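Welcome, and please open your viewer. We will walk through this structure one selection at a time.

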Amino acid sequence: MAQDDLFKKLIAHTKEYGYIFPSSEIYDGLSAVYDYGQYGVELKNNIKQFWWDAMVKMHENIVGLDSAIFMHPDIWKASGHVGAFNDPLIDNKDSKKRYRADDLVEEHIAKYQAKIDKDVEKGQTKFGDAFNKEQFLATNPNVLRNQEKINEISGRLTKALTTDNLAELKQIIVDCEIADPVTGSKNWTDVRQFNLMFETQLGSTADGASKIYLRPETAQGIFVNYLNVQKSGRMKIPFGIAQIGKAFRNEIVARQFIFRMREFEQMEMQFFVKPGTELEWFEHWKNLRIKWHKAMGLPEEKYRFHKHDKLAHYANAAFDIEFEFPFGFKELEGIHSRTDFDLKQHQEFSGKKLQFFDPESGESYIPYVVETSVGLDRTFLSILSGAYYEEEIKKENGESDMRVVLRIPPALAPIKLAVLPLIKYDEKDSIGRRYRRQDAIGTPYCITIDHDTLKDNMVTIRDRDTMIQERVLITDLNMILEEKVSMRKLLKKIF
Ligand code: ATP
């Protein structure tokens, strides 16, 4: 199935089966804002629990926090969000559509990459086993030409972004003859910066309200509480603080369903370490975090690391975990080694000392921070898009039928078990329809009670993925299910 079709079907499916609804739908919706329905909220809660258990419960040196969404406005000056939390935007004068300039260039680069991939595919088909991919990539003139283009444009893009050179960004778009993806027009405005933070007022306007922001990330709530937690919890370095909460960004190009929303949830953990040890910890967290994702059992090849070539000025290492969504590999989680930048900034802007005193060595220092930051909604989307299958199945009478099945990891499924009573007549068809509905919701197990149940105390348990049905004793059910759907089982794959 074409990936575009798959994505459209997935979106329709989530609405039909109570996972996700467009916000304010009866008023024609609100762009890039979504509501989670009766099954969506269960899946979301289960993902949160899986993350919380893996990060907080499984680590004696990590504790949780729930900081407020409203924070002192100076926090966003210290963090750099007021001055620099900007996206470079460009408008198309004909279509009146607005884009992120860097995205347009990235998409243009991806086209050259697609050409290379296509040539490789052709070579593979033509030469079969004799095909040597490395040699082909190193010598084929078409590939070399396209690779050179990629290198040239990526080089210019990175330089323009790191030096905030908006004129050069525009020039790249002009030089590459990039057109509006929707209309094909090349009539562009200049590139401008746009701040992504939502503003609001604290207090009534009459008594001199002050401008505050809805937090664009949860991390700063952790930084400004780091000493409170350290002191009240007698934490020793290294230690971590984890938080799950809403964040708000006035995203310009809010497309791709819940991948990029204006109100979303993050699951972030800031790990405070001794300066000099941060890169070891960075490796540690990078490995543990990808294990967490892979433990869910979706196809492994859908995950990959992406190393940041363009590091923020305060970071000394950064990787993304990317997932292959129906619209390609995209960021799911960021793992960043942020040095002492944030705490130092807060120390300077607040005038309060944020040093850690190490009683063993007698030293005082500002800890370095390794951050893991994953989007809850993106994790949700990764699970649904990795779990959605359309399958042809054979019915007992030899006819074939289609089923849509969500192979959600059993421990995270909104409903673990459906109990289906058999009705008197036409049993086969009606039970088949009920199974289909549970498959579409992603319920891992169904139990049917039949006419013999009262006599032999047995029921039929049916597995969502294999569709195998077994008769088991009611008294064994607890044990069987506990083994299959427990969160502990998921955690055991990581630790
Ligand atoms: P992107 O480059 O896709 O805009 P980002 O690098 O700005 O993401 P971070 O600031 O590192 O993202 O935020 C950490 C995580 O929060 C991301 O990996 C993503 O999962 C999630 N996230 C960020 N912005 C959004 C959004 N608008 N909607 C949903 N999730 C988001």
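A few words before the first click: two strands pair if DSSP finds at least two bridges between them, and strands themselves (E, at least two residues) are DSSP runs, like helices (H or I, at least four), numbered from the N terminus. What you see is a predicted model, where local features need pLDDT of at least 70 and side-chain atom pairs count only at pLDDT 80 or more, while totals for chains, interfaces and linings use all residues. Residues are numbered from 1 along each chain as its sequence is written, and side-chain values use heavy atoms, with hydrogens and water left out.

**Stop one: a strand pair.** Select Glu-333, then look across to Val-374 in S16, which stands opposite. Strands S13 and S16 pair in the antiparallel sense, over five bridges.

**Stop two: a hairpin.** Now add strand S12, residues 317–325. S12 and S13 form a hairpin with two residues between them, and their antiparallel pairing runs over nine bridges. To find one of these pairs, select Ala-317 and its bridge partner in S13, Ser-337.

**Stop three: the ligand.** Show the ligand and the 16 residues that surround it; a residue is near a molecule or strand if one of its heavy atoms lies within 4 Å of it. The closest are Glu-251, Arg-260, Met-261, Glu-331 and Leu-332. Which strand gives the most to this shell? S13 does, with five residues. Strands S10 (263–273), S13 (328–337) and S16 (368–375) each supply at least two.

Colour the shell by residue type and you will find four nonpolar, five polar and seven charged residues. Here Ala, Val, Leu, Ile, Met, Phe, Trp, Tyr, Cys and Pro count as nonpolar, Asp, Glu, Lys and Arg as charged, and the others, Gly among them, as polar.

Next, zoom in on the backbone. An oxygen atom of the ligand lies 2.9 Å from a backbone N or O atom of Leu-332, and a backbone N or O atom of Gly-375 lies 3.0 Å from an oxygen atom of the ligand.

**Stop four: Glu-371.** Finally, select Glu-371, found in strand S16. Is Glu-371 buried or exposed? Glu-371 is buried, with a relative accessible area of 2%; buried means under 20%, exposed over 50% and partly exposed in between (1.4 Å probe, protein chains only). Its side chain makes a polar contact of 2.8 Å with that of Gln-270 and another, of 3.1 Å, with the side chain of Arg-338. A polar contact is a pair of N or O atoms within 3.5 Å; within protein, one must be able to donate a hydrogen and the other to accept it, and residues adjacent in sequence count only if both atoms are side-chain atoms.
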